[in-house]
Amino acid sequence: MDTAPDAEREAILAALTPIVHGIAATFGPVCEVVLHDYRNPEKSVVAVAGSVTGRSVGGAMSEIGMRVLARGDEAADELNYVTRARNGTVLKSSTMVLRDSAGAVFGALCVNVDVSAVTRVQDLLGALAGAGAAPADLPVTTFGDDIDSVVEALVDAHRTRQRGSWAELDRAERLALFDGLDARGVFAVRGAVEHVAARLGISRASAYHYLARARAARDTSPGDHS
């Protein structure tokens with residue numbers, strides 16, 4: 001087996017590790033920098049500095065990482081986006097994909113900055129100036145060292161966007177649920193189908209069936225040119 005690509009990727013990760021700590025030290029305790037190796041999604045964190053999301057080396061990717069993983073080599077950098085962690089922390093983040101010399105995506109360098117205090121000050125100044133409060137409708141993102149918790153959060157979020165329990169969903173809604181989870185990269189994680197099945201209270205065979213049907217529908221859709 002040709003080990004050259006892996007050796008190159010290891011060299012890139014090793015070169016970026018001190019940069020992780022340098023960036024976090026520059027911006028202080030409100031900043032967290034995470035280096036991911038997507039070859040091992042369940043334990044993708046290979047270096048981390050700062051503790052904004054509480055992750056550690058050996059931890060799992062977030063749902064943002066899953067989305068990048070799902071896009072494969074078509075993934076692009078996502079810069080200066082704002083999300084809310086499940087504990088209420090408002091984060092300004094950037095995710096920069098890592099590629100080897102062949103252009104294959106294999107990881108990401110992520111920067112998360114806690115801007116909760118800035119947001120509170122902005123709201124206070126707006127109130128003093130008589131301006132209405134800005135809407136707090138930010139997308140919620142799950143961060144954690146346990147990949148199962150990330151998968152569960154995604155399943156629950158997609159399910160509540162539908163009509164509740166699996167039994168209450170019609171066929172189209174069930175397919176939409178699996179299609180949405182697949183688009184977010186959930187099923188790129190080992191054992192995810194089984195975990196999703198358990199979370200939904202269905203058999204593994206049913207989960208595989210709906211995943212296959214969702215993918216088939218997407219592949220045959222006239223508007224799908226990906």
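**Figure 1. The hairpin of strands β3 and β4 in the predicted model.** In this predicted model, strands β3 and β4 form a hairpin in which 4 residues lie between the two strands. Within the turn, G88 takes a positive phi of about 95°. Strand β3 comprises residues 78-85, and its antiparallel pairing with β4 runs over 5 bridges. One pair of facing residues is V82 and K92, the latter belonging to β4.

**Figure 2. The hairpin of strands β4 and β5.** Strand β4 also forms a hairpin with β5, here with 5 residues between the strands. G103 lies in this turn and has a positive phi of about 90°. The pairing of β4 with β5 is antiparallel and extends over 9 bridges. K92 recurs in this view, standing opposite V113 of β5. How much of strand β4 is buried? Of the 10 residues in this strand (residues 90-99), 7 are buried, and β4 is thus described as mostly covered.

**Figure 3. Strands β1 and β2, and the sheet as a whole.** Strand β1 covers residues 31-37 and pairs with β2 in the antiparallel sense over 4 bridges. L35 has A47, a residue of β2, as its bridge partner. The complete sheet is open and contains 6 strands in the order β2-β1-β5-β4-β3-β6, with mixed pairing. Which strands stand at the edges of the sheet? They are β2 (45-49) and β6 (140-141); each has a single partner strand, so one side of each is left without a neighbour in the sheet. In general, the strands of a sheet pair through backbone hydrogen bonds, in either a parallel or an antiparallel manner.

**Figure 4. Helix α2 and its two ends.** Helix α2 spans residues 63-71, and its buried residues are E63, I64, G65, M66, R67 and V68. At the N-terminal end, S62 acts as a cap: one of its side-chain oxygens lies 3.2 Å from the backbone nitrogen of I64. Just after the helix, G72 adopts a positive phi of about 60°.

**Figure 5. The cavity and its lining.** The structure holds 1 cavity of 30 Å³ or more. The largest cavity has a volume of about 70 Å³. Which residues line the largest cavity? The lining consists of H36, Y38, R55, S62, I64, G65, Y81, T95, C110, N112 and F143. Two elements, α2 and β5 (105-114), each give two or more residues to this lining. By character, the lining residues divide into 5 nonpolar, 5 polar and 1 charged. S62, named above as the cap of α2, is among the lining residues.

**Figure 6. Two buried cysteines.** Are C31 and C110 buried or exposed? C31 counts as buried because its relative accessibility is 1%, below the 20% cut-off for burial. C110 has a relative accessibility of 9% and therefore counts as buried as well. C110 also belongs to the lining of the largest cavity. The count of disulfides in the model is 0.

**Figure 7. The protein surrounding the close-up views.** The protein has 7 helices and 6 strands. Along the sequence, these elements follow the pattern α-β-β-α-β-β-β-α-β-α-α-α-α. How many residues does the protein have, and what percentage of them count as buried? There are 226 residues, of which 42% count as buried.

Notes
Residues are numbered from 1 along each chain as its sequence is written. This is a predicted model: local features need pLDDT of at least 70, side-chain atom pairs count only at pLDDT 80 or more; totals for chains, interfaces and linings use all residues. Side-chain values use heavy atoms; hydrogens and water are left out. Buried means under 20% relative accessible area, exposed over 50%, partly exposed in between (1.4 Å probe, protein chains only). A polar contact is a pair of N or O atoms within 3.5 Å; within protein, one must be able to donate a hydrogen and the other to accept it, and residues adjacent in sequence count only if both atoms are side-chain atoms. On a 1 Å grid over the protein atoms alone, a cavity is a set of points where a 1.4 Å probe fits but cannot get out, and a pocket is an open set with protein on both sides within 12 Å along at least five of seven lines; lining residues have an atom within 4 Å of a point. Grid points are joined across faces, edges and corners, and a volume is the space filled by probe spheres set on the points. Ala, Val, Leu, Ile, Met, Phe, Trp, Tyr, Cys and Pro count as nonpolar, Asp, Glu, Lys and Arg as charged, and the others, Gly among them, as polar. A disulfide is a pair of cysteine sulfur atoms within 2.5 Å. Two strands pair if DSSP finds at least two bridges between them.
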